[in-house]
Structures are given as structure tokens and as C-alpha cells.
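Subject: Handover of a structure and notes on its contacts

Dear colleague,

Please find below the structure that I am handing over to you. My notes on what was found in it follow directly after.

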Amino acid sequence: MRYRIAVVFSFLVSFLQAQEKPNILWIVCEDISPILSFYGDKTAKTPNLDALASESLIYDNAFATTPVCGPSRSAIITGMLPSSIGTMHMRTGRDIQSWGNLKYKDTVYDPKGQLVHDLNGNLIREYSAVIPENVKCFTEYLRANNYYCTNNQKTDYQFAAPQSAWDENSKKAHWKNTPSGMPFFSVFNFEVTHESRIWLNKDLPLTVHPKDVPVPDYYPDNDIIRNDLARLYSNVELLDIQVGKIIAELKKDGLYDNTIIFFYSDHGGPLPRQKREIYDSGLKVPFMIRFPNAEKKGRTSELVSFADLAPTMLSLANIKPPKYMDGQAFLGNFKAKEREVIYATSDRFDEFTDRIRIVRDKQFLYVKNYHLELPKYKNVSYRFNIPMMHSIMENKENNQLNTSQNHWFQPKSDEELYDCINDPFQLNNLASNPKYANKLKELRILEQKQFISKIDFGKYYEADLIQKMWPNGKQPKTNPVKIDIKGNKIVLKSQTEGASISYLLVPRDSKEKITNNSKWKLFVAPIVVPSNFKLLAKADRIGFEESEISEYN
């Protein structure tokens, strides 16, 4: 059988031109909508974010691909819609932070201890999603082009992060470890605004008073709800302190004006009728970019999807994005024509499965519901940790919700259409209004082209999809690396389609324990092994168990 050299990866590496490669820093927070002062909401005091925003290009139309973290982050790292690669169900496995081989349970339980089923009544097991063989983490392209890539620390990709994706992937990962002469791409993730911090931070002092918070139209206005909103804004102020520290560190290292800085949230707000809901409250995010020397600043209404981040990072590094990506570059040498619409998906959230697809342009949101027999509101157990959820349900049971507050609990319609400028909370469905028939038809056709004409793994029952990915319930395994000698150089190969190879050069007499956090390098070209060293190599394919380590002395 013919072996394939891993350097090819099924993509062609575009070598960087002579121009200087920019450092890139991502500051990523969790679960907040555009509720910051530079979007017009002055409730939280965020001097560090305000200072960054004053020197940044602020995006007014940036959207996650899914209103929950796992599928959203899979889109970010691959440049693909979750429905295109089978990562749309939240969540596939317990521990998807680590490199290496994980132990997956045969069944999944919700927070109440109930077994999770798909829409056909089949039990769901934990798994790492096996995505199409040609799809890579975009950081692998950066590494192949001499970038040093670090992630501190969250992944949540719906698959175990492959060794080949990062030079460092841990709580200690940092740009400071970048070898001399190399540019870096570094990610820092801050969890202080995550949904869980609404209750986990309950004993911390509120720095925003409940009487000062704006209450969205879809909530009753009472003390419990105001208190949770105040906790959210107080968490945002804690986030601002953390952002200030990372910016100060960058300045101290003399890198502030030599680094492109991205700030964004992984999806919309953490509260009920925000997270997991496929409206702006769950999808629209704060997003800004600070360029070296603040050379571009102001605002833009350009539409950005999280699927666009991967090709944009490559474009900024002067690497041509692969054609397979759903996303498109919105900056850099390979910038594409501006988007007219973005797409988003909603499938399984914890114990509740559905299939909803949306198309959003700068003004209108189109929603296609595929299962009218299922309720719009999903009684997800996890969010009942938030006190306001109990208050909302109590008001519902006592018929105390007004029309706007009750929108969440209405039966589904086949299609929904909202004017997001005049109806920012998406409470007035215009789908049956003849005045908007042309817009409805226009967005319906686009939805069908994306999710019916093209591959959409959400069409499958999840248990059937798992069977395709893991035949007979067993995770496939990457074949070991084959080591070939070509003159005085070593060529590393893998028999597994789509596999990537990582390697280490270790002194023969070294007693160092080899772990996944050792300084593994990505194999991209034949290598010379010094006479007093040994070579260790392993292969991985996304969703597969990684191979054993091969050794050459």
C-alpha cells in the first residue's frame, strides 16, 4: 500500500513571502453579547477594554456559528460550519481539553442523571468527532509556515486537540516561550464571564448595582432577574481586569505595537433565552481587532462569521486559505469579497436535540425549523443553576408573562423572519407578513443552498452518525509512523489518510520523561538526526486515537 508523506496533509503549504510576519494574539472571553461600552451599553465599567477599543477596528456584525461553545469553537479552529464536519452536537465528550488518547464513556447523562438520546430514541455515547480527512486545525498551517502557536488553555473543539495543532497547549502556554526569530500566534481564554460564573461567583461582591442594569424585553423585571444581570455585568468588570493584565504584559515585553490583537466572545450571552438560542442574543458577539500602531481603527458593519477566523489568520500570515473552508478571509492578502449573509446552526444542546438553521444578513434574520413537533423552549437542566430561570418558569406557570416574555414558550412555526434593526430582540415574526415575502424567499433560497444542497450532518440521527465515525462503537486509531532514510535525512510517513505527524529529537542519554507537553515539532520536510540523538514520532488524525510512538536511533 502506498504511504503518504504527512507534510502534504492533503493541502499545499504556501511559503511566506519576504515580508515580516505579524505576531497575533487572541484574547477570548466566554458567553457575552455586545454589552460593552463601545457598543453603547455603559452599565459595566471596562477601562481596559475601552482603551483597547479606542485603538481598534470594532465589528458591529460579528456572529458565532452556534450559540454554545463546543460547536462554535470547532468552527473557529477549522474554518468550517459545524454541520459541514459533524461537530454540531453539544457536547461529544467530557475531557476535550487534552492532547492524547482519552477514555470515553459508553453513555452520556444529563445533569439530572438521565440518559441522553437522539431524535430516534437511540442512546448517545461520548465520542470525539471524526471530521473529514482533509480538514485541519488552521494552526497546523501556521506551524508549517514557521509560526509558534500556543493555547492557554481551552479547546472544546468537539474532538481532542491533535498534537499537531499546537506547539503548546496548557495553562503554562505563552508567547514568551517563542523561539528567537519566530512570529507567534497565542490564545488566552478567560472563563470569568461563562454561564457557570453566574452562580459560582455568587459570593463575590456585586460591583454593578441591580437597580442600574437594563432588563431585556424578554425578561420579567424583578429583583431575582436584576440580581443575575448585575452578576453578569460584575463578571464583565472582572474580565476587564484580566484583559488589562494581559495587555500590560504584552507592552512590558515590547510587543504591543508588533502584534495584531483580537478580542471576542465565543458566542452570545450566558443567561436564559441567550445561550443556546439561535437569535442575536445567542449568536451576536463583541469583536474588535487592534492593529500594530493602531493603523486601522473605527467601526465596520461588515458581516463576520466565526468560520471566517481560520482563513483570516492564514491570510494575515500570507498563507492562501484552503478552498475547502466554509469561511472566507476578511483581512490580509487573500481577503475575499465581503459577505452578504452568515449561517448558523442549532442541534443537540446537552439532553435536548433539534435541528434549526438560520441565515442572517445585516438587517434580517431567517430561521428554518425542521422539527415542528418539538417545542421552541428546551428545558435544559444545566441552566436551572441560574436563579432567574426558576423565576421565569414561576411567572410562566402563573400566567404572568407578557407577549414579549412569552415569545420563548410559543409553538414553533416552519419559518421565522425578524427585522433585527427595528426588533433587536427578535420578538415579532414577520414570516407571514406579505410586505416581507421577497426577503423571506431570498433568505429561504440561501438556507436551502447551504443546508439542503450541500452536506449537513445534522440530517442524520446522532447515533447513526457516531456509528459512521466510530464503527461498532470503537474509536479508530491512527497508524504508526513509518520512518524512511533518504541519504542523510529522515522522511516520516503515515498510512492513515489525513494524518499529521509530530516528532521529537532527544539526546540518546536523556532521562527526560516524554509527554504530550514535550516540545513536539510538526513534520513538514525531511530532517537530519544528529548522531547523538534519537528521533521519536507519532501520528494523529482528528477524531482518531493517536498512534503509538515510533523511535529511530
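Lys-297 is a suitable place to begin: leaving out residues up to four places away in sequence, Lys-297 touches Ser-54, Glu-55, Ser-56 and Leu-57. Please bear in mind throughout that this is a predicted model. Lys-297 sits in the loop between β9 (287–290) and β10. Its relative accessibility is 54%, and Lys-297 therefore counts as exposed, the cut-off being over 50%. Lys-297 and Ala-53 are separated by 244 residues in sequence, yet their C-alpha atoms are 8.3 Å apart in space.

Strand β10 itself (residues 298–305) contains Thr-300. With a relative accessible area of 16%, Thr-300 is buried, because the limit for that class is under 20%. Beyond its neighbours within four places in sequence, Thr-300 is in contact with Leu-57, Ile-58, Tyr-59 and Asp-60. Leu-57 is thus listed for Thr-300 and also for Lys-297. The side chain of Thr-300 also reaches the backbone nitrogen of Glu-302, at 3.1 Å.

A further buried residue is Asp-361, whose relative accessibility is 9%. Asp-361 belongs to the loop between β12 (356–360) and β13 (364–369). Which backbone nitrogen does the side chain of Asp-361 reach at 2.8 Å? That nitrogen belongs to Gln-363. In addition, a polar atom of the Asp-361 side chain lies 2.5 Å from the backbone nitrogen of Phe-364. When residues up to four places away in sequence are not counted, Asp-361 touches Leu-303, Glu-340, Val-341, Lys-439 and Leu-443.

Two helix pairs complete these notes, and α6 takes part in both.

The first pair joins α6 (residues 223–252) with α9 (residues 387–397); their axes come within 9 Å and cross at roughly 150°. Angles over 145 degrees count as roughly antiparallel, and α6 and α9 are therefore roughly antiparallel to each other. The crossing in which α6 passes α9 is left-handed. On the α6 side, the contact is made by Ile-224, Ile-225 and Asp-228, which meet Pro-387, Met-388, Ser-391 and Ile-392 of α9. By class, the residues of this contact comprise 5 nonpolar, 1 polar and 1 charged.

Within α9, the buried residues are Met-388, Met-389, Ser-391, Ile-392, Met-393 and Asn-395, and the buried residues of this helix pack against α6. Just after α9, Asn-399 adopts a positive phi of about 55°.

The second pair consists of helix α1 (residues 47–54) and α6, which pack at an angle of about 55° with their axes 7 Å apart. That angle makes α1 oblique to α6. In this contact, 6 residues are nonpolar, 2 are polar and 1 is charged. The residues of α1 involved are Pro-47, Asn-48, Leu-49 and Leu-52. Their partners in α6 are Asp-240, Ile-241, Val-243, Gly-244 and Ile-247.

In brief, α6 meets α9 through Ile-224, Ile-225 and Asp-228, whereas α6 meets α1 through residues including Asp-240 and Ile-247.

Yours sincerely

Technical notes: Residues are numbered from 1 along each chain as its sequence is written. This is a predicted model: local features need pLDDT of at least 70, side-chain atom pairs count only at pLDDT 80 or more; totals for chains, interfaces and linings use all residues. Side-chain values use heavy atoms; hydrogens and water are left out. Axes are lines fitted to C-alpha atoms, for helices over the stretch in contact, and angles run from 0 to 180 degrees between N-to-C directions. Helices (H or I, at least four residues) and strands (E, at least two) are DSSP runs, numbered from the N terminus. Angles under 35 degrees count as roughly parallel, over 145 as roughly antiparallel, 65 to 115 as roughly perpendicular and the rest as oblique. A crossing is left-handed if the near helix is turned anticlockwise from the far one by less than a right angle, and right-handed if clockwise. Contact means heavy atoms within 4.5 Å. Ala, Val, Leu, Ile, Met, Phe, Trp, Tyr, Cys and Pro count as nonpolar, Asp, Glu, Lys and Arg as charged, and the others, Gly among them, as polar. Buried means under 20% relative accessible area, exposed over 50%, partly exposed in between (1.4 Å probe, protein chains only). A polar contact is a pair of N or O atoms within 3.5 Å; within protein, one must be able to donate a hydrogen and the other to accept it, and residues adjacent in sequence count only if both atoms are side-chain atoms.
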